[in-house]
Amino acid sequence: MMNRDRILHQLTNLGIHFVLLSGALFVIFPFVWMILGSLQTFAETTTATLLPASPQWSNYEASIRAMNGSKPCVFDPLNPLAILERERGCIIVRYFANTIFIGFGTVLGVLTTGTLAGYAFARLRFPGRETLFKILLATMMIPGELTLIPNYVFMVWFPTPESLLATTLGLPGAEAHNWIDTYYAMIIPWIATVFSIFLFRQFFRGIPNELFDAAVLDGASHSRFLVSIVLPLSRPVLITSGLLTFLGSWNALMWPMLVTNSPEMRPIQVGLRSLITEAGTQTQLLLAGATMTIIPIIILYLFFQRWFVEGISTVGIRG
Amino acid sequence: MTESAIAASSAKTRACKERVKYDWIAYIYLAPAIIILTVFHILPAFYAFWISTQGGRIRAFRFIGLDNYINALQAPEFWGALQNTVFYVLGTVPFTIGLGLIVAYLLFQKIRGRGIYRAIYFLPHVISAVASAIVWAWVFNPTGGVANRLLQLLGLPQQAWLLESDGVFKIIGAGLSIQVPGFLQGPSLALVSVMIFAVWQALGFDVIIFLAGLTNINAELYEAGKIDGANGWQLFRHITIPLLAPTIFFLLVISIIGSFQAFNHIYTMNIAASQSLGGPLGTTRTVSIFMFDQLYNQNRAGYATSIAILLSLIIFALTLFQFRFFERGGEGA
């Protein structure tokens with residue numbers, strides 16, 4: 001009897017593994033395919049070949065060159081910053097630099113506004129607290145599609161701070177410049193989200209009152225308490241919120257495509273999208289480009305996998 | 001110790017007595033977030049209604065009343081796009097949630113290698129749509145794509161996949177020598193190819209959410225069920241499903257909202273397959289794609305905004321309906 005149960009259990013387990021493994025193979029095969037394809041010749045990509053006869057590592061160089069307007073990359077040690085220009089350097093470096101800069105800028109903004117507002121909603125007493133919070137939650141219903149075009153119109157209207165200053169002071173040659181094709185457009189509209197304010201508020205409410213009372217007795221102000229006690233305890237919510245923001249920023253496509261014109265302002269996703277036009281039907285070059293853009297994010301994912309998963313779970317439970 | 005406790009309690013009573021002891025500094029803490037959200041999230045939602053009454057280019061707007069709405073509602077492209085969007089929602093949401101539930105339930109059975117499985121299933125979710133669309137467009141490439149190679153191995157006729165404007169049911173029907181009437185031909189094979197790609201990318205998210213939901217179910221319930229002699233299917237049907245109802249509802253609401261706005265997957269697949277926006281005969285043109293095309297390629301910001309507003313109203317109505325429906329269902333259960 002026992003024996004039969006055990007065999008049945010083993011068989012069930014085997015069945016479960018079979019189903020899960022088939023699913024996992026389906027999920028993972030496009031990645032394997034991407035890497036294998038990026039090493040094939042063009043002829044091989046048109047004949048459903050699995051393994052390239054000899055790996056074409058030069059595809060990567062060719063892909064970078066295609067992004068660079070068919071010119072090879074140049075690095076001039078005497079003028080190292082020129083590498084960030086398409087004409088005199090290597091545009092893919094600029095794509096990555098833009099993406100990282102925009103990503104860090106957005107994360108820093110989201111964490112700052114989220115911490116401050118979350119703390120106010122969780123710990124401070126002020127008139128209209130509950131009403132204001134409810135209004136904010138209700139605005140989560142506004143779909144991104146609806147705000148896209150008005151925001152785009154704002155980008156056309158808004159002057160950049162430096163051009164506004166220059167024209168107000170009447171500096172010679174000063175000209176108004178709008179937010180199109182600037183980092184402002186890709187960072188500022190995204191540095192506050194209701195979702196992260198909500199995450200921070202929930203987390204701060206969980207911090208024991210005793211800690212707060214003790215700090216008040218020591219004569220600490222809210223800002224001191226926030227910086228020296230609350231923030232060190234908030235690593236989980238900072239990491240979760242930061243990672244999800246960075247991921248969203250890294251993968252954003254529609255908005256940066258709308259607000260950038262020059263290659264020098266493109267983040268990597270827009271650069272990859274342009275490569276599709278530039279490299280045409282050269283599948284192997286597109287695959288090499290795609291592989292290069294996903295490697296950093298896969299490394300990040302492998303390191304922070306647990307945080308990603310926990311972050312998403314929190315979304316589910318609290319949402 | 002006692003002194004501080006007394007002090008704390010006296011501080012409390014003092015706070016109770018002087019009821020109006022507000023932390024005015026709160027408004028300074030709130031200012032950055034509120035300013036950004038007002039300017040870039042709340043104001044634009046209202047401003048959209050104004051833009052939707054404008055004709056002409058962005059720098060040369062002129063008031064044209066409700067003409068944009070009238071034009072949109074009279075355009076066959078709009079209704080075609082709405083139909084494609086409904087196909088897209090019906091073809092992705094139930095499959096993603098269903099498959100997600102199965103995978104999560106199996107993963108939950110104290111299986112070895114659970115962490116690795118979970119990491120793999122979630123991986124596509126962190127990858128950008130552009131990069132993955134490049135591979136999937138190659139998979140579905142009529143010459144040299146894996147999809148056709150697979151059909152060949154199975155002895156089935158080759159397909160044009162992303163280039164195919166015929167409905168899937170028509171194609172399946174033709175294979176079985178059945179003539180399928182026009183209104184039953186379903187989404188084009190091109191749109192179905194995009195749906196496969198979308199399910200692939202979204203699956204891991206649903207798995208993670210379901211796993212979180214499953215963890216919250218009290219294990220004693222299963223023990224009690226087993227003692228009562230319930231088999232695996234009965235446990236799943238009568239304990240797991242009812243207790244996961246809020247999770248399923250949450251996923252349903254956010255997936256339907258997300259799929260109605262579907263843009264990235266379709267746009268990137270169109271581009272990666274070297275097609276114009278909207279795919280073969282416009283059969284992958286969803287409402288968002290239609291809106292973007294009008295804005296980006298036709299420079300009709302007002303018209304595009306009126307489409308965005310119509311879409312938002314549909315999403316809003318549908319979400320309200322789902323909440324009503326769920327409340328009623330909840331009372332009945």
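## Two domains in chain B

Nine residues of domain 1 of chain B make contact with seven residues of domain 2 of chain B. On the domain 1 side of that contact, the elements giving two or more residues are α2 (26-51) and β1 (54-55) of chain B. Of these, α2(B) gives the most, with three residues. Sorted by class, the domain 1 side has four nonpolar, four polar and one charged residues.

As for where the domains run, domain 1 of chain B covers 26-65 and domain 2 covers 75-332. Their centres, taken over C-alpha atoms, sit 32 Å apart. Keep in mind that this is a predicted model.

## The two chains, one at a time

Let's start with chain A. It has 15 helices and zero strands. Its radius of gyration is 25 Å, well over the 20 Å that the globule rule gives for 319 residues, so chain A is more spread out than a compact globule. Its C-alpha atoms fill a box of roughly 95 × 75 × 40 Å along the principal axes. Of the 319 residues in chain A, 39% count as buried. If you look at contacts in chain A with a separation of 6 or more, 64% of them are between residues 24 or more positions apart.

Now for chain B. Here the tally is 14 helices and two strands. Chain B has a radius of gyration of 26 Å, where a compact globule of 333 residues would have one near 20 Å. The box filled by the C-alpha atoms of chain B is roughly 85 × 70 × 40 Å along the principal axes. Buried residues make up 41% of the 333 in chain B. Among contacts in chain B with a separation of 6 or more, 67% join residues 24 or more positions apart.

## Where the chains meet

The contact between the chains takes 72 residues from chain A and 81 residues from chain B. On the chain A side, plenty of helices chip in: those supplying at least two residues each include α1 (2-37), α4 (91-123), α6 (144-157), α12 (235-251) and α15 (283-318) of chain A. The largest share of that side, 15 residues, comes from α15(A). By class, the side of chain A that touches chain B has 47 nonpolar, 21 polar and four charged residues.

## The nonpolar core

The largest nonpolar core has 149 residues. Those with the most contacts inside this core are Ile149(A), Ile134(B), Ala137(B), Met269(B), Ile307(B) and Ala308(B). Helix α9 (residues 189-215) of chain B provides the largest share of the core, 18 residues. Both domain 1 (26-65) and domain 2 (75-332) of chain B give residues to this core, so it lies between them.

What is Ile149(A) in contact with, leaving aside its neighbours within four places in sequence? The list is Ala48(B), Ile51(B), Leu295(B), Ala301(B), Ala304(B), Thr305(B) and Ala308(B). One of these partners, Ala308(B), also appears among the core residues with the most contacts. As general background, nonpolar side chains tend to be buried together in soluble globular proteins.

## How far to trust chain A

Chain A averages a pLDDT of 91, and 98% of the residues score at least 70. Confidence in chain A is lowest in α10(A), at a mean of 83, and highest in helix α8 (residues 183-187) of chain A, at 97. Where pLDDT is low, the predicted coordinates should not be read in detail.

Notes: Residues are numbered from 1 along each chain as its sequence is written. Chains are lettered from A and ligands numbered from 1 in the order in which they are written. This is a predicted model: local features need pLDDT of at least 70, side-chain atom pairs count only at pLDDT 80 or more; totals for chains, interfaces and linings use all residues. A nonpolar core is a set of buried Ala, Val, Leu, Ile, Met, Phe, Trp, Tyr and Cys residues joined through C-beta atoms within 7 Å. A residue is buried if 20 or more other C-beta atoms lie within 10 Å of its own, exposed if 12 or fewer, and partly exposed in between; C-beta atoms are placed from the backbone. Helices (H or I, at least four residues) and strands (E, at least two) are DSSP runs, numbered from the N terminus. Domain bounds come from an automatic or database domain assignment. Ala, Val, Leu, Ile, Met, Phe, Trp, Tyr, Cys and Pro count as nonpolar, Asp, Glu, Lys and Arg as charged, and the others, Gly among them, as polar. pLDDT is the predictor's confidence in each residue, from 0 to 100. The radius of gyration is taken over C-alpha atoms; the globule rule is 2.2 Å times the number of residues to the power 0.38.
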